Amino acid sequence: MRVLCSFVGGAGHLVPQLPLLEALRDAGHDLAVLAGRSSGTASAPAGLFRRTMARPDGRTRSDGDISPLLPLDREHEIAAVADHFAGPAALRSVAAIGGELDGIDVVVCDELDFGAMAAAARARIPVVVVSVIVSGALVRPALLESALERLRLELGLAEPIHPQGDLFVVPFVPRMRNPDFPAPPHTEWMRPAEGSPSPRDGSIVATLGTEFNTESGDLFDRILAALAEIDAPAVVAVGRDLDPARFGPQPPHVRVERYVHLAEVVGRADVVLHHGGSGLFMECVLGGTPQIVLPMGADQPFTADRVRALGLGAVLDAVSATPAELRAVVESVRADVATRTRVATLRAETLRLPPPVVAVRAVEDLVARR
């Protein structure tokens, strides 16, 4: 088969697809990728894609400054899926992918790439949608109907656009999803890439990702003030857009870096502080590490709900959390044996999911039926 992978946004929209894509390659299939950002494929193994194509995504690069941190608005984040991802972002995706579908047998895309779904539908090519939102609570098909109908009419499609594709692949444990938003009947559950917990070194890891890091107000400063008062090695990853020097001198046990390889440090840490992205959530689970979530937007408040419901750590208000509150919660979570046991149980459950080769067979069957 010739497979075209497409994703909108950064690496967080590609990484959940990688186990399936690598298994497709290992089964002898040919892969190309249309990347939402030029740096988005950096997390993919070398040689995975025969061809890599970049497309504009409408994002303005950061100027190295940090904008004020705004209060959470869940309804705004839910509405943005229809207003942005099923609107302007979808039209850009259709324009980019439309000329790349000749000879393609199947499109694999993330669950926010509605343009890839629409372009494939127009070309009568089956679509495999990979879930990238661990909670399942951000992309709500019932609230997308009007936006997808507008997109269908604008593109002149005869059939509706199915937001969960012809096959929906979920690389998360079923109970990670919010039970109010169950996966559809045509779901294939798939084991994600395995993390590897290492001997614990008592460290603390903090990161606010690669997008919300520049929308975080003084949150980094408050985190650093808290870590300065905790007797444990700590590393804070601020992102490539920010200069660590802007945060001033730190005590010897605290490092501020633009980038750290999270898969290596998370599995050794006692606790991870992060913004609540689905990728960081899974990194913590696979590393067997409790997490403290400070949600700011996108899927993050819904991820925080699952952290709280599953007992995997703690959730704090990113706007109001003080250094003293941060310090107290970090120390509490580090000492909580029950939380660490729940994380280990969820990790073991995750690794019992079906291997990616099972999903590959489902993709092959889908293409054969078409």
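# Reading a predicted fold, feature by feature

Q: Right behind helix H4, Arg 124 has a positive phi of about 60°. Where does Arg 124 sit, and is Arg 124 buried or exposed?

A: One thing up front: this is a predicted model. Now, start by placing the residue among the elements. Arg 124 belongs to the loop between H4 and S5. Then check the cover: its relative accessibility is 68%, so Arg 124 counts as exposed, the cut-off being over 50%. The phi value deserves a flag too, as Arg 124 is a residue other than glycine.

Q: Which other residue that isn't glycine has a positive phi, and where is that residue placed?

A: Ala 298 is one of them, with phi near 55°. Ala 298 is found in the loop between S12 and H9. With a relative accessibility of 22%, Ala 298 counts as partly exposed. You can set a glycine beside these two: Gly 311, which follows H9, has a positive phi near 70°.

Q: Let's zoom out. What should I read for the whole chain?

A: Begin with the inventory, then go to overall dimensions. The chain has twelve helices and 13 strands. Its radius of gyration is 20 Å, close to the 21 Å from the globule rule for 370 residues, so the chain is as compact as a globular protein of that length. Along the principal axes, the C-alpha atoms fill a box of roughly 60 × 40 × 40 Å.

Q: How much of the chain is buried, and what does the accessible surface come to?

A: Buried residues make up 55% of the 370. The accessible surface is about 15300 Å², with 52% of that belonging to carbon and sulfur atoms. For contacts, look at sequence separation: among those with a separation of 6 or more, 66% are between residues 24 or more positions apart. On charges, there are 36 positive and 46 negative ones, and their mean positions are 3 Å apart.

Q: How do I read burial along a helix, say H4? Which residues of H4 are buried?

A: The general idea is that an α-helix has 3.6 residues a turn, so residues three or four places apart point the same way. In H4 (residues 114–122), seven of the nine residues are buried, so "mostly covered" is the reading under the 20% cut-off. The buried ones are Phe 114, Gly 115, Ala 116, Met 117, Ala 118, Ala 119 and Ala 120. Their cover includes strands S1, S4 and S5 and helices H2, H3 and H5.

Q: What about helix H9? What do its buried residues pack against?

A: H9 covers residues 300–310, and eight of its eleven residues are buried, so H9 is largely enclosed by the rest of the structure. Gln 300, Phe 302, Arg 306 and Leu 310 are among the buried residues. As partners, the buried residues of H9 have helices H2, H8 and H11 together with strands S12 and S13.

Q: Now strands. Which side chains of S10 are buried, and which are not?

A: In a regular strand the side chains alternate between the two faces of the sheet. S10 (residues 254–257) puts Val 254 and Val 256 on one face, buried, and Arg 255 and Glu 257 on the other, not buried. S10 also pairs with S9 (residues 234–237), in the parallel sense, over four bridges. Ala 237 has Glu 257 as its bridge partner in S10.

Q: Which residues lie on each side of S6?

A: S6 (residues 167–170) has Leu 167 and Val 169 on one side, Phe 168 and Val 170 on the other, and all are buried, so both faces count as covered. S5 runs parallel to S6, joined by three bridges. One pair to look up is Val 130, whose bridge partner in S6 is Val 169.

Q: And single residues? What is Asp 113 in contact with, beyond its sequence neighbours?

A: Place it, check its cover, then list contacts. Asp 113 is in the loop between S4 and H4, and at 1% relative accessibility Asp 113 counts as buried. Setting aside neighbours within four places, its contacts are Ser 6, Phe 7, Val 8, Arg 55 and Ser 93. Try Ala 32 the same way: Ala 32 lies in strand S2 and is buried, with a relative accessible area of 1%. Beyond neighbours within four places, Ala 32 is in contact with residues including Val 3, Leu 4, Phe 49 and Met 53.

Definitions and conventions. Residues numbered from 1 in each chain as written. Predicted model: local features only at pLDDT ≥ 70, side-chain atom pairs only at ≥ 80, totals over all residues. Heavy atoms only, no water. Rg over C-alpha atoms; globule rule 2.2 N^0.38 Å. Buried < 20%, exposed > 50% of the residue type's maximum accessible area, 1.4 Å probe, protein only. Contact = heavy atoms within 4.5 Å. Areas by Shrake-Rupley, 256 points an atom, 1.4 Å probe, with all protein chains shown as cover. Lys, Arg positive; Asp, Glu negative; His and termini not counted. Charge placed at Lys NZ, Arg CZ, Asp CG, Glu CD. Pairing = 2+ DSSP bridges.
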